[in-house]
Amino acid sequence: MRKRATRLAHAGNRPFETHGVINPPVYHASTIAHGSLDDLRTRHASGDPRAVVYGRHGTPTSFAVEETVAELEGGAGAIAVSSGLAAISMAMMSQLRPGDHVLVTDSVYAPVRKLCEDVLTPLDIECEYYDPLVGAGIADLLRERTRMLYMESPGSHTFEIMDVPAIMKAIAGHDIVTLFDNTWATPLYFRPFDFGIDISIQAATKYLGGHSDLMMGIAVCNDATLGSVQRYRDLIGHCAAPDDLYLLQRGIRTLDVRLQRHQHNAMVLARWLEGRPEVIRVIHPALPSHPQHDLWKRDFSGASGLFSLMIEAAPETALAALLDHLELFLMGYSWGGYESLIIPYDINRHRSVRPLTDRGILLRIHAGLEDADDLIDDLERGFARFNEAKDQQRS
Ligand SMILES: *Cc1c(COP(=O)(O)O)cnc(C)c1O
């Protein structure tokens with residue numbers, strides 16, 4: 001097997017099928033013309049998922065992206081849809097039926113909780129949240145009707161690392177579909193299929209796209225689940241937009257080099273922040289101070305640029321003084337682009353099993369591709385404003 005940087009540069013491209021053009025062309029398509037009655041009949045009946053029959057069912061542009069991501073993750077096939085959340089809902093709903101019980105990590109990407117509560121629960125699909133640190137203890141939560149186990153590691157905002165091998169061992173022999181949101185690590189730093197997971201989710205909106213200009217989600221499936229997810233996609237009518245697919249394919253080519261810088265900058269910032277008096281703790285799996293650092297080291301081959309920190313409690317004016325005048329860090333949701341981001345988060349609104357107990361303000365940072373010294377400079381001036389605003393409040 002070729003090394004990952006090499007695969008990243010070539011996966012999914014077939015230049016000599018398109019005049020030697022390196023990147024797969026953007027096919028804008030709804031209607032597909034058929035050259036003969038025989039073609040019309042056989043192409044539709046072939047059942048070949050790569051048959052070009054109608055825009056919604058895929059074009060060479062979408063096939064190229066799906067082939068690329070499937071190869072990178074090591075799955076049997078991939079299905080690209082219009083957002084990460086769409087990929088998640090598709091993966092879940094394709095496998096679940098009324099009466100089923102689903103175990104969902106308490107540290108799940110928060111909109112998935114809404115999906116569980118407002119879509120799945122009314123369909124008589126019971127979602128139960130579990131402690132991301134449950135490990136082998138997951139066995140105690142299994143029921144006769146448990147049909148799916150939903151994992152995300154590190155956890156959203158709180159970055160708990162799950163003991164995936166212990167969990168997979170504990171559920172072995174049960175008829176349970178396992179789903180893993182692999183957006184943080186990307187296929188480069190965590191390999192869900194090596195752990196026996198059935199479906200890996202990429203919010204390609206984040207690192208795979210990498211430039212904050214597209215929405216896309218990809219469900220990568222193993223042999224056991226691919227057919228049913230593909231069929232559900234066709235039934236429900238999901239598809240992905242051609243220009244976004246093109247941008248995604250282009251973004252993926254630089255994933256390895258981008259992630260190296262994201263990783264480096266995040267580590268430099270995390271270490272610097274650990275030394276700041278305003279910081280209670282930095283929550284980054286690659287720091288030795290992280291409670292599950294050993295699990296991260298065992299199961300992951302790198303860290304991306306997203307982490308959190310807890311700073312001391314302060315009045316809203318002090319927090320605004322810190323955040324409002326940053327010059328490089330932008331405030332915004334999502335992440336994975338080239339720009340650095342910072343956002344405060346009231347995480348316990350989205351936790352029912354393992355809330356954070358520190359009394360402070362949780363900030364999430366995405367380290368972009370800028371020079372780390374300049375990023376530190378920006379934060380240093382932010383902390384000076386923060387302290388000044390706190391002092392003023394006191395006097
Ligand atoms: C952003 C995100 C999603 C959802 O992706 P969208 O493309 O925004 O719908 C899912 N999971 C994780 C971990 C995310 O960060």
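These legends describe close-up views of a predicted model.

**View 1. The ligand in its pocket.** The ligand sits in the largest pocket. Around the ligand there are 13 residues. Those that come nearest are G84, L85, D181, T205 and K206. Sorted by class, the shell holds six nonpolar residues, four polar ones and three charged ones. Which helix gives the most to this shell? Helix 4, covering residues 84–95, does, with three residues.

**View 2. Polar atoms facing the ligand.** Look at three residues here: G84, D181 and T205. G84 uses its backbone: an N or O atom there lies 2.8 Å from an oxygen atom of the ligand. D181 uses its side chain, where a polar atom lies 2.6 Å from a nitrogen atom of the ligand. T205 also offers a side-chain N or O atom, and an oxygen atom of the ligand is 2.6 Å from that atom. How much of the ligand does the protein bury? Taken alone, the ligand exposes 380 Å², and the protein buries 92% of that.

**View 3. A stacked aromatic pair.** The whole structure contains seven aromatic pairs. One of them joins F180 and F190. Their ring centres are 4.6 Å apart, and the angle between the planes is 15°. The pair counts as stacked, because planes under 30 degrees apart fall in that class. Where do the two rings come from? F180 belongs to strand 5 (residues 177–181). F190 belongs to the loop between helix 7 (186–189) and strand 6 (199–203). The pair therefore ties together parts that lie 10 residues apart in sequence.

**View 4. A cis peptide bond.** Most peptide bonds are trans. The bond between S153 and P154 is cis, with omega at about 0°. Where in the chain is P154? P154 lies in a loop, with strand 4 (146–152) on one side and helix 6 (164–171) on the other.

**View 5. A residue with positive phi.** Most residues other than glycine have a negative phi. H19 has a positive value, with phi near 60°. H19 is not a glycine. Its place is in the loop between helix 1 (4–10) and helix 2 (37–45).

Technical notes: Residues numbered from 1 in each chain as written. Predicted model: local features only at pLDDT ≥ 70, side-chain atom pairs only at ≥ 80, totals over all residues. Heavy atoms only, no water. Near = heavy atom within 4 Å. Polar contact = N/O pair within 3.5 Å; in protein donor to acceptor, adjacent residues only side chain to side chain. Areas by Shrake-Rupley, 256 points an atom, 1.4 Å probe, with all protein chains shown as cover. 1 Å grid on protein atoms, 1.4 Å probe; cavity = no way out; pocket = protein on both sides within 12 Å on 5 of 7 lines; lining within 4 Å. Sits in = over half its atoms within 2 Å of the grid points. Helix = DSSP H or I, 4+ residues; strand = E, 2+ residues; numbered from the N terminus. Nonpolar A, V, L, I, M, F, W, Y, C, P; charged D, E, K, R; others polar. Phe/Tyr/Trp six-rings, centres within 6.5 Å; stacked < 30°, edge-to-face > 60°.
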